[in-house]
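User: Please take a close look at one part of this model, a loop and the backbone within it, and then set it beside other parts of the chain in one connected account.

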Amino acid sequence: MSHVLIVEDDFDIAAQVKLFFEASGFKTTHVADGALVIDSVRTHSPDVVLLDIMLPNKNGVDCLREIRTFSHVPVVMLTAKAEEADRLKGLEVGADDYVCKPFSAAELVMRVKAILRRCTPVAAESTPVNQIEVDEHALIVNLFGKSLGLTKVEFEVFALLYKAPNRVFSRQQILDYIQPDNFDISDRVIDSHIKNIRKKIKQLDCCPKLVESVYGAGYRYNAQQLTD
């Protein structure tokens, strides 16, 4: 049974979301105060966090920033349409997805199920050494038969590089690809996504330079790493 931590200070919304998730077989925990979020994540170790941005005592973006210092738990930001800047900040610090209010609780359940499928490692029956699989439908990258557990945005960054081996993409080119309507968001957000991708590759103890930096130019996918 997957565990969802619902962080929402509107009790009517929280009750509706809780009802839909429990009807779909999820265990749920509800928190209404930003100051309680970090302890709740540490205590309950949820499989996914639904995180409102506007919270008492500590906003959702600050909560997410702190969560990312110790956990890769998938996080879906719940935002009002007027909070565009905060939504982009959330993606920058590591949100997996976002949903604008008002939203369909049923759709939210489906999004969470899709995220959990992407982030759950899959056991390969017989995966040849030095093989990589990039599944654009499931948004999954398997390396040596193990899922990297990339977020949606991290997958988009990796897939862009992967589809053009050894081609160098600038930060701005990558940003334009993953966030066409990026407004005033800095292209340095790409560095954060690359750092997270590399960290997840490193956890498999292989291919440390699969995603390479090209000084002063950007990043590229180094296909040679899988044959070395």
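**A loop residue and its surroundings**

Analyst: Ser-45 sits in the loop that runs between helix 2 (37–44) and strand 3 (48–52). The model is a predicted one, and in it the phi angle of Ser-45 is near 45°, which is a positive value in a residue other than glycine. Because its relative accessibility is 53%, and exposed begins over 50%, Ser-45 counts as exposed.

A positive phi is also found at Asn-57, a residue other than glycine, where the angle is near 75°. Asn-57 is placed in the loop between strand 3 and helix 3 (60–67), and with a relative accessible area of 67% this residue is exposed.

Another backbone feature lies in the loop between strand 5 (97–101) and helix 5 (105–119), where Pro-102 is located. The peptide bond joining Lys-101 and Pro-102 is cis, with omega at about -5°.

Helix 8 can be described by its length and by its faces. Its 14 residues (residues 189–202) should span 20 Å at 1.5 Å a residue, and the C-alpha atoms at its ends are 20 Å apart, so the expected and modelled spans agree. Buried in helix 8 are Val-189, Ile-190, His-193, Ile-194, Asn-196, Ile-197, Lys-200 and Ile-201. Viewed down the axis of helix 8, these buried residues fall within an arc of 160°, and therefore they line one face of the helix. On the face turned away from that buried side, helix 8 carries the exposed residues Lys-195 and Lys-202.

How values were computed:
Residues are numbered from 1 along each chain as its sequence is written. This is a predicted model: local features need pLDDT of at least 70, side-chain atom pairs count only at pLDDT 80 or more; totals for chains, interfaces and linings use all residues. Side-chain values use heavy atoms; hydrogens and water are left out. Helices (H or I, at least four residues) and strands (E, at least two) are DSSP runs, numbered from the N terminus. The expected span of a helix is 1.5 Å times one less than its number of residues. Buried means under 20% relative accessible area, exposed over 50%, partly exposed in between (1.4 Å probe, protein chains only). The arc is that of the directions from the helix axis to the C-beta atoms.
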